[in-house]
Amino acid sequence: MNEYIKLRNIKGNAAIELREGASRLLLCPDMGGRVFVEVAGIVPHRIDLQAAAHPGDDFNNYGGNNLWPAPEGGMYGFNYKGNEWYVQPVVNKQSFKTVAWDSNGAMLRKRAALLNRAGTVIETLISREIKLSGCPVMLENYELEACLSYTTVDSFKVINEVQADAGLLAAWTLEQFDATGDTISFCIVDNPYQTINFDYYEHPGKRISYYEKGFTYRTDGRSRGQIGIKVEARAKQIGFYDFDRRLLCLRCNGSDGNGLYFNIADNDQPAGPLSAADNYSIFNSDTDMGAFELETIGAAKVDGSLIQGSELIS
């Protein structure tokens, strides 16, 4: 019995399962709307079964694909009380409501009051739509054992009046995968040497390798680090390949690119919230978690001096 089946058994009727050929997807409204998949018996996502069975008041890092409010750090960060990192209860514990569901997808929604580091309360309506989307065209000529593709449309709509000088807000999805010595993440982009934002943590060094049409990042879950991919680079997509399991994952940011991109990083952001503008990120954990993340980042919608929200299509 693999981790996906164990999780499905834990969640029972609290989760929604979608099927596509030999693959399936589990959507968990009461776990932050997280998504987990199984492809031909392979479970690519990291899954914390202990947290799923016994969630606590602190951060429940279940794994899978999760929606977060950005930024994480800086003066407007949602993950800090002063200098203490934490996850707000509305993100960590508050369930989504399922407002629509069929064999092809589901729509989740919840209303949540987010508090940023500057003390600003942002009342939001959060929506997460999941749809099966068929095998990507670029893989049609390959002999695949199985394929699962899905689209997420994630949005934050600001309900109260919030000035842009009191807070920023963007949709941000983190998809967490089990790391092995055989997992290599990559980015397909025309100008790889000018693409990467190294301001998250210290430079990953030799873990980054450059090529004519992109770069790779050795994401083996053995050295904590994170890189951003600049909006201006117009990256086509990111992904990873697991050589041992012959497992390919492609992840594309399908948002329109309109709006304000800002620094989402978990650091002090000494040059301010507008010191970076990324629409992708790749995170590699240390051995404690043994995982890595492929991330997509949306833009803030700002009308005059007021923030309106954000939409992210992945």
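## Reading a sheet and two pockets

User: Before we start, what kind of model is this?

Analyst: It's a predicted model. Let's begin with the strands and then move on to the pockets.

User: Okay. In which order do the strands of the open sheet run?

Analyst: Go from one side of the sheet to the other, partner by partner. Here you get six strands in the order β7-β8-β9-β10-β22-β21, with antiparallel pairing. β7 (97-102) and β21 (299-303) each have a single partner strand, so one side of each is left without a neighbour in the sheet. From one strand to the next, the twist averages 20°.

User: Can we zoom in on one pair? How many bridges link β9 and β10?

Analyst: Nine bridges, in the antiparallel sense, between β9 (residues 121-132) and β10 (residues 150-158). To get your bearings on screen, pick L132: Y150 in β10 stands opposite that residue.

User: Now the pockets. What does rolling a probe over the atoms show?

Analyst: Rolling a water-sized probe over the atoms shows where empty space is left. In this model the largest pocket has a volume of about 1100 Å³. Its lining has 38 residues, and L139, L148, L248, C249 and L250 lie nearest the centre.

User: Which strands supply at least two residues each of that lining?

Analyst: β3 (34-39), β10, β11 (170-178), β17 (237-242) and β18 (247-251). You've already met β10 as a member of the open sheet. The largest share comes from β18, with five residues.

User: And how do the lining residues of the largest pocket divide by chemistry?

Analyst: Into 22 nonpolar, 10 polar and six charged.

User: What about the second largest pocket: what is its volume?

Analyst: About 410 Å³. There are 22 lining residues, and F59, E72, W85, F283 and E293 are the closest to the centre. By chemistry, the lining of this second pocket splits into eight nonpolar, seven polar and seven charged.

User: Which strands give at least two residues each to the lining of that second pocket?

Analyst: β4 (64-70), β11 and β20 (291-297). Notice β11, which also supplies at least two residues to the lining of the largest pocket.

User: Let's look at β4, then. Is it mostly covered or mostly open?

Analyst: Mostly covered. Count the residues under 20% relative accessible area: in β4, seven of seven are buried. β4 also runs antiparallel to β11, joined by seven bridges. If you want one contact to click on, try P69, whose bridge partner in β11 is A171.

How values were computed
Residues are numbered from 1 along each chain as its sequence is written. This is a predicted model: local features need pLDDT of at least 70, side-chain atom pairs count only at pLDDT 80 or more; totals for chains, interfaces and linings use all residues. Side-chain values use heavy atoms; hydrogens and water are left out. Two strands pair if DSSP finds at least two bridges between them. Helices (H or I, at least four residues) and strands (E, at least two) are DSSP runs, numbered from the N terminus. Axes are lines fitted to C-alpha atoms, for helices over the stretch in contact, and angles run from 0 to 180 degrees between N-to-C directions. On a 1 Å grid over the protein atoms alone, a cavity is a set of points where a 1.4 Å probe fits but cannot get out, and a pocket is an open set with protein on both sides within 12 Å along at least five of seven lines; lining residues have an atom within 4 Å of a point. Grid points are joined across faces, edges and corners, and a volume is the space filled by probe spheres set on the points. Ala, Val, Leu, Ile, Met, Phe, Trp, Tyr, Cys and Pro count as nonpolar, Asp, Glu, Lys and Arg as charged, and the others, Gly among them, as polar. Buried means under 20% relative accessible area, exposed over 50%, partly exposed in between (1.4 Å probe, protein chains only).
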